Amino acid sequence: MSNIIEIIEKLPELLPLKPANEEAISKAENDLKLKFAEEYKEYLAKFGAILADGVELTGIAKSEHRNVVKVTNQAWELNSSVPKNLYVVEDTRVDGILIWQDSDGKIYKSLPNSEAKKIYDSLSDYLKSKL
């Protein structure tokens, strides 16, 4: 098991949403036709989605700009350079920068109309950089 929950709980001004159940997580994976990384599933099951100081992760949420399925589908439409095995974990809302994850847990960053470049080995590592 990863330490994603412990890291998220240390984020300043953390505002978690409603935890996602297994059925909702599976539905999101099916809708995107991919598998989420295990640590992302742990995060979804505990928090659903989060807001914190300087961090707003996607997840299972009613809000379209936080919903991983909606945000990822929109991002794929806008940037065909990003492969369909990545899903958006954060829209930084700065210069069109998106943070993506693959099913192995690796984290990528993309700019508009550019390929996604690997920046971290895990979501945990990415979030540690925000602490």
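Are F36 and Y87 buried or exposed, and what should be selected to see them? Both residues are buried. The model is a predicted one, and the tour below returns to this pair after two helices.

**Helix α2**

Select residues 22-32, which form helix α2. Its buried residues are I25, A28, E29 and L32. Look down the helix axis: these residues fall within an arc of 100°, so they line one face of α2. Now turn to the face pointing away from that buried side, where the exposed residues E23, K27 and N30 sit.

To see what covers the buried residues of α2, add α3 (38-47), α4 (68-78) and β4 (87-91), which are among the covering elements.

Next, go to the ends of the helix. At the N-terminal end, N21 acts as the cap of α2, with a side-chain oxygen 3.2 Å from the backbone nitrogen of E23. Just past α2, select K33, whose phi is positive at about 60°.

**Helix α4**

Move to α4 and display V68, V69, V71, T72, A75 and W76, which are buried. The cover over the buried residues of α4 includes α2, α3, β4 and β5 (98-101). The N-terminal end of α4 is capped by N67, and here the side-chain oxygen lies 2.9 Å from the backbone nitrogen of V69.

**The nonpolar core**

Which residues of the largest nonpolar core touch the most other members? Select F36, Y40, Y43, Y87, W100, L123 and L127; they do so in a core of 42 residues. The element that gives the most to this core is α4, with 5 residues. In soluble globular proteins, nonpolar side chains tend to be buried together.

**The aromatic cluster**

Keep the rings in view. The count of aromatic pairs comes to 6. F36 and Y40 make one edge-to-face pair, 5.0 Å from centre to centre and with 65° between the planes. F36 counts as buried because its relative accessibility is 2%, below the 20% cut-off. Y40 is buried as well, with a relative accessible area of 0%.

Now select F36 together with Y87. Their ring centres are 4.8 Å apart and their planes lie at 70°, so this pair is edge-to-face. The pair links distant parts of the chain: F36 is in the loop between α2 and α3, Y87 is in strand β4, and the two are 51 residues apart.

As a last selection, take F36, Y40, Y43, F47 and Y87, which ring pairs link into a cluster.

Technical notes:
Residues numbered from 1 in each chain as written. Predicted model: local features only at pLDDT ≥ 70, side-chain atom pairs only at ≥ 80, totals over all residues. Heavy atoms only, no water. Buried < 20%, exposed > 50% of the residue type's maximum accessible area, 1.4 Å probe, protein only. Helix = DSSP H or I, 4+ residues; strand = E, 2+ residues; numbered from the N terminus. Arc of directions from axis to C-beta. Contact = heavy atoms within 4.5 Å. Polar contact = N/O pair within 3.5 Å; in protein donor to acceptor, adjacent residues only side chain to side chain. Core = buried A, V, L, I, M, F, W, Y, C linked by side-chain atoms within 4.5 Å. Phe/Tyr/Trp six-rings, centres within 6.5 Å; stacked < 30°, edge-to-face > 60°.
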